[in-house]
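I opened a fresh page today to keep track of what I looked up, entry by entry. Each note begins with what I wanted to know and ends with what I found.

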Amino acid sequence: MLIFALLFGTTSCNKKTKEGEEGKKTLKIALMYPEENIGGIYKEIIKEYEKQNPDIKIEITLDLSDESKIKESLTKEDGYDIIGIKRNQLIEYAKTGLIMDLSDFVEKNDLKNKLYPINLSYGMFNGKNYGIGDLPITYEWFYNKSLFQKYGIKEPTNLKELIDISKKLNSKGIIPISIGAMDRWTLALLFGNITCQTTGIQSFTDNLGSDKKAFENIQGVGSAFNIFDRLAKNTLKKSSVDINFMQSVDDFLKGKAAILPAISITKELIESKKPSGFEYGIFESPILFVDNPIAKVSASGGQILTISSKSSNKEEAEKFLKFLFEQEAQKLFVEKGFISSLKTVNQIDTINKRIIISHIEMTNDNSGFLIDNLDMKMADAIGIVLSDMLEGRVRASEAWDRVLKISFQQ
């Protein structure tokens with residue numbers, strides 16, 4: 001949910017249209033987004049769809065993130081037809097048969113070629129498509145161009161170069177990497193950028209919902225904690241635990257910090273708050289923490305659109321999803337400043353957008369954000385342990401055991 005919090009702040013909005021007009025077939029859609037920005041885009045798309053399909057009336061519910069309400073709806077025949085969910089929910093609901101297999105729909109509409117890999121992989125489970133991610137998001141390294149130019153620093157491409165740069169910036173009194181570790185999810189996202197390379201996401205996805213023993217021997221996790229330990233000791237400040245994410249952005253914009261690791265949609269936040277004359281870039285090449293990464297880029301597909309297995313309007317639901325992922329609808333996302341999941345509609349009008357899109361194109365089935373593919377308890381546990389490592393209270397060699405102990409304690 002951190003993605004939605006960053007996109008829209010804490011404003012809450014829950015709106016539902018009136019009942020469908022007599023004689024029209026009603027399609028019920030529920031989304032996680034509030035009305036601002038993306039929720040509003042969906043309302044525009046629905047308005048156009050109803051204009052082109054006068055026999056259909058769409059009821060839309062926005063800002064629905066209550067898991068109990070989502071699950072309850074999926075067990076009813078008069079529940080929502082199309083519903084937006086998170087990645088870990090998709091895995092659970094696919095296992096229990098609450099959402100439809102959309103593999104034939106994806107194949108029939110050639111979506112594997114039309115959409116970015118991460119948007120499809122976010123809806124995949126056990127080799128089948130149960131949903132489609134509607135917003136491609138990558139983990140990026142933003143940097144202050146003026147500081148890099150002033151100290152003759154080139155963009156790093158691997159861990160050693162990042163550490164060397166950090167030592168140089170430290171010697172100049174500049175915070176190398178600004179990370180608001182008070183919000184522990186910032187550390188979990190950074191760690192996920194490492195695990196996608198050392199481990200990939202499939203091992204975590206396959207074991208989601210399993211017991212402690214299933215997680216004990218996941219390959220590459222120990223290496224990921226060793227790499228994070230090197231980052232913590234050489235590039236991050238212990239004082240990071242005293243500031244939140246928004247403060248880390250502020251430090252970056254004020255020139256106190258040279259590098260800001262964050263999800264790609266942070267670009268819009270930077271653009272809205274940057275002072276006059278502030279120039280920033282994004283590392284062109286993803287930082288490689290290992291020689292042969294399983295995935296080079298950590299990414300999210302955003303909200304995943306699924307169809308309820310109980311829906312009595314499956315044909316109409318698929319017809320709407322087809323319209324949603326076509327040019328006419330997706331251009332509205334681009335007009336609002338977002339990167340569309342449909343490759344052909346995006347406009348590469350800035351260097352930073354070109355870099356982000358190139359990274360989205362690098363994604364594969366192992367690129368998913370780690371925290372999206374864990375249950376909430378384990379995601380929280382990872383944030384706690386990484387924070388303790390940053391402050392020197394936990395060694396890398398004992399970190400994963402500590403995570404599992406917290407995650408599975410009664």
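Is D110 buried, partly exposed or exposed? I noted first that I am working from a predicted model, and then looked up the relative accessible area of D110, which is 35%, so I entered this residue as partly exposed.

**Entry 1: D110 and its surroundings.** I placed D110 in the loop between α5 and α6 (111-114), and I wrote down that its phi is positive, at about 55 degrees, although the residue is not a glycine. I set beside this the reminder that most residues other than glycine have a negative phi. I then found D110 again in a patch of negative charge on the surface, where it gathers with D101, D104 and E107. Of these I followed up E107, which sits in helix α5 (residues 103-108) and is exposed, its relative accessible area being 55%.

**Entry 2: another positive phi.** I turned to D63, which is not a glycine either and has a positive phi of about 60 degrees. I located D63 in the loop between β2 (56-61) and α3 (67-74), and because its relative accessibility is 18%, under the 20% cut-off, I counted it as buried.

**Entry 3: strand β3.** Which strands pair with β3, and in what sense? I found that strand β1 (residues 25-30) pairs with β3 in the parallel sense over two bridges, and that A30 has I83 of β3 as its bridge partner. Strand β12 (residues 304-307) runs antiparallel to β3 and is joined to it by four bridges, with L305 in β12 as the bridge partner of G84. In a regular strand the side chains alternate between the two faces of the sheet. With that in mind I checked both sides of β3 (residues 82-85) and found them covered, since I82 and G84 on one side and I83 and I85 on the other are all buried. Just ahead of β12, in the loop that follows β11 (299-300), I looked up G301, which is buried with a relative accessible area of 0%.

**Entry 4: salt bridges.** How many salt bridges does a search of the whole structure find? I recorded 19, and I then went through several of them one at a time.

- I found K25 in a salt bridge with E316, the closest N and O atoms being 3.1 Å apart. K25 lies in strand β1 and E316 in helix α16 (residues 314-324), so the pair ties together parts that are 291 residues apart in sequence. K25 is partly exposed at 40% relative accessible area, whereas E316, at 16%, counts as buried.
- I found D229 in a salt bridge with K233, again with the closest N and O atoms 3.1 Å apart. Both residues lie in helix α13 (residues 221-234), four residues apart, which is about one turn of the helix. D229 is buried with a relative accessible area of 14%, while K233 is exposed with 64%.
- I found K267 in a salt bridge with E268, where the closest N and O atoms are 2.9 Å apart. K267 counts as buried at 11% relative accessibility, and E268 as partly exposed at 33%. I closed the entry with a network in which salt bridges that share partners join D388, E391 and R393.

Note on methods: Residues numbered from 1 in each chain as written. Predicted model: local features only at pLDDT ≥ 70, side-chain atom pairs only at ≥ 80, totals over all residues. Heavy atoms only, no water. Buried < 20%, exposed > 50% of the residue type's maximum accessible area, 1.4 Å probe, protein only. Pairing = 2+ DSSP bridges. Patch = residues over 30% accessible without salt bridge, like charges linked within 9 Å, V, L, I, M, F, W, Y side chains within 5 Å. Areas by Shrake-Rupley, 256 points an atom, 1.4 Å probe, with all protein chains shown as cover. Salt bridge = Lys/Arg side-chain N within 4 Å of Asp/Glu carboxyl O. Lys, Arg positive; Asp, Glu negative; His and termini not counted. Charge placed at Lys NZ, Arg CZ, Asp CG, Glu CD.
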